[in-house]
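Here are some points to keep beside you as you look through this structure for the first time. They take up helix contacts, a strand pair, pockets and cavities in turn.

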Amino acid sequence: MEKQQFYYDNKIVRNFLYASIAFGVIGMLVGLLVAFLYLFPNLTDGIPWLSYGRLRPLHTNAVIFAFVGNAVFAGAYYSLQRLLKTRMFSDFLSKVNFWGWQLIILGAAITLPLGFTTSKEYAELEWPFDIAIALVWVAFGVNMIGTIIKRRERHIYVAIWFYIATFIAVALLHIFNSLELPVSALKSYSVYAGVQDALVQWWYGHNAVAFFLTTPFLGLMYYFVPKAANRPVYSYRLSIIHFWSLIFIYIWAGPHHLLYSALPDWAQNLGVVFSVMLIAPSWGGMINGLLTLRGVWDKVREEPVLKFFVVAITGYGMSTFEGPMLSLKNVNAIAHFTDWIVAHVHVGALAWNGFLTFGMIYWIIPRITKTTLYSQKLANFHFWIGTLGIVLYVLPMYVAGFTQASMWKQFNPDGTLMYGNFLETVTQIMPMYMMRAVGGTLFFVGILTLVYNIIMTVKQGSAVENELAEAPALTKISSGQMKGEKWHSWLERKPVQFTILTTIAVAIGGIVQIVPMIVVKSNIPTISSVKPYTPLELEGRDIYIREGCNNCHSQMIRPFRSEVKRYGEYSKSGEYVYDHPFLWGSKRTGPDLMRIGGKYNDNWHFNHMWSPQRMDEKSVMPAYKWLFDNKAMDHSLIEKKMDVMVTLGVPYTDADIANAKKSIEEQSAQIEKNLYNDPDFVKSYEDSKKKAAAKGETFVPMKDREIVALIAYLQRLGTDIKVKKAE
């Protein structure tokens, strides 16, 4: 049969690889800074865009969507062309995918440190970026599907199955989780509230891990591991079972992030059941990957690429064993809100995603530059120092998590909490935070080594942007040739039907969990005493979101004796009905704030935000001095914010909206009056008045500054229902 000549597009692969490496360095550097902020909380004192609450989402977005995301695109574009024996469907769409994605990342790098955030984990970017992400993702999907349709190979290989599932699932997750109503160009409110928002967010959050950090990497594993080992995949049949069971089961598991919360029990239990089931397909993939190396384990000793792949797949196996275990209620009761979860996440992120990406980079770059890797020794050094970095990062975090859980739950014989002061726990785990920073530094040294090795490799090679290839055209097959064909073999040559079945498998879980939660009102019993936030409290809540306070503080008291004793009455679903978005948090670096309202006076909050270490020298909370700046808070959008809330079902009246600024003036004046109860405040306040007058500056009353709005919000938390206070 006559062969047709065509060219593989290596330029797009190279561009995505370079972007992945560059953003990997930046994302990990930000992560390292975040780790050191635990040790030196005021390292960036007074610089709002370098504060912990704003940098933490920048770190997660940079490593997930910039480092890992670019690596996924690079690996997919490289393998798709070779598996389908054709160039990508459209060079234009490839460029739209690349430049669109980089512009989104650049926008994130600017807006997140400036405090423009939705607060939703792994989905912090505001609504214009959500639209841009959807458009760029569709460009990638159209390009991929178009390439599949014009292929020269009859059957689509297992790696491509995972790419298709990734495209479908991420599109569904992103669109439905990002439904929000804009207030301004960079401010919006989620259309979901409270419990519903929590369920949708963790349907998205868990499955962002599943379908952005797992399924595409399984596709990469199925292509690059056999290539690097020069061995076929261990079991084709196992890959079929692995694929369909994984994409069907994964989507149901999100509620295990919300165990013992105000989420209805039926949803929690569904999450647990499917999470436990998830271990089977996950380990099926791990086994298929590792057993592909049968007969070539001697090469693992010599080849750094295979070393990276082996540890990556092992890390995947460890993470996907631990995940189902953490979804068991008795284990989750210990681990949730602790650093155990941080350890769990980083086993997957550093080993599975990081090491598979590094191995892929070391494998692709020499092949698209027609040379050999500059230094195998440096690659081996990178492997060992990276592995050591993972160990020194993860093990201390496990110890920290176990320590936190045991100290939080410890009682004295008389029934009082043994460690009543939350800071006692924080102090105890500081050595573990130090070790974590050391481990992170070693891992960072590893990626710097990769940068040097790749630069030298590219310099000694010769880039081939368009690589000549040839393959026979795809011909029609007769009915006789199809005789005896098995169902999956038939499906593999029918990409449209394959995509439809994949969509159905992915969508079922979300529909069954989310639709009843929204439609059936009895899932969230209302509480008559719960009222909407006042205009000033709403402004304060937006400041709380802007500063990323939910990164360190939860607003969800679980029905445990230890938590009720420490924080007060456990949380009720009806208390969150006006929370757009929900702010339950996922980690307690500081105490839960659900019932903080009225626990301390306004002066305590004022002094605590100015200098946490003045309240307790062992605090690891940074100061928020910019909230006290001599400038008036901008309330110009308050009526628009309330209008949007009304659209979302919050019962503000026309009079409430018309009198919003008057309400703000009255409530803020009362808080300022309360602050005068502290002689130190009075002295400091009067001194600052004199200094402003001496400089000829306009003096802004304290009631008009941002700190007052934040105090108003904090004092509101947990006060809607009458409950017994924590002891």
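1. In this predicted model, Thr215, Leu218 and Tyr222 of helix H7 meet Ser239, His242 and Leu246 of helix H8. The residues of this contact are three nonpolar and three polar, with no charged residues among them. H7 covers residues 215-229 and H8 covers residues 236-250, and their axes come within 12 Å and cross at roughly 170°. Angles over 145 degrees count as roughly antiparallel, and H7 and H8 are therefore roughly antiparallel to each other.

2. A second helix contact is that of H20 with helix H28, which spans residues 706-716; the two axes come within 7 Å and cross at roughly 100°. Because angles of 65 to 115 degrees count as roughly perpendicular, H20 is roughly perpendicular to H28. On the H20 side the contact includes Leu536, Ile543, Tyr544 and Arg546, while on the H28 side it includes Glu706, Leu710, Tyr713 and Arg716. By class, the residues of the contact of H20 with H28 are nine nonpolar, one polar and six charged.

3. The strand pair to look at is S2, residues 180-184, with S3, residues 187-190, which run in the antiparallel sense and are paired over four bridges. A hairpin of two residues joins S2 to S3, and within the pair Glu180 stands opposite Ser190 of S3.

4. Which residues lie nearest the centre of the largest pocket? They are His553, Gly590, Pro591, Trp604 and His608, out of 47 residues that line the pocket, and the space in it comes to about 1,100 Å³. Several helices each supply at least two residues of this lining, among them H1 (10-39), H2, H16 (423-428), H21 (561-567) and H28, but H22 gives the most, with four residues. The lining divides into 27 nonpolar, 11 polar and nine charged residues.

5. The second largest pocket holds about 660 Å³ of space and is lined by 29 residues, with Phe116, Ile543, Arg546, Lys641 and Glu706 nearest its centre. The elements that give two or more residues to its lining are H20 and helix H24 (638-647), and the largest share, five residues, comes from H20. By class, this lining has 12 nonpolar, five polar and 12 charged residues. A reader coming from point 2 will recognise some names here, since Ile543 and Arg546 of H20 and Glu706 of H28 also belong to the contact of those two helices.

6. How many cavities of 30 Å³ or more does the structure hold? There are nine of them, and the second largest has a volume of about 250 Å³. Of the 24 residues that line this second largest cavity, Ser119, Lys120, Glu121, Asn550 and Asn551 are the closest to its centre. Helices H2 (52-84), H6 (194-212) and H20 (535-546) each supply at least two residues of the lining, and H2 provides the largest share, with four residues. The classes represented in the lining of the second largest cavity are seven nonpolar, 10 polar and seven charged residues.

Key:
Residues are numbered from 1 along each chain as its sequence is written. This is a predicted model: local features need pLDDT of at least 70, side-chain atom pairs count only at pLDDT 80 or more; totals for chains, interfaces and linings use all residues. Side-chain values use heavy atoms; hydrogens and water are left out. On a 1 Å grid over the protein atoms alone, a cavity is a set of points where a 1.4 Å probe fits but cannot get out, and a pocket is an open set with protein on both sides within 12 Å along at least five of seven lines; lining residues have an atom within 4 Å of a point. Grid points are joined across faces, edges and corners, and a volume is the space filled by probe spheres set on the points. Ala, Val, Leu, Ile, Met, Phe, Trp, Tyr, Cys and Pro count as nonpolar, Asp, Glu, Lys and Arg as charged, and the others, Gly among them, as polar. Axes are lines fitted to C-alpha atoms, for helices over the stretch in contact, and angles run from 0 to 180 degrees between N-to-C directions. Angles under 35 degrees count as roughly parallel, over 145 as roughly antiparallel, 65 to 115 as roughly perpendicular and the rest as oblique. Contact means heavy atoms within 4.5 Å. Two strands pair if DSSP finds at least two bridges between them.
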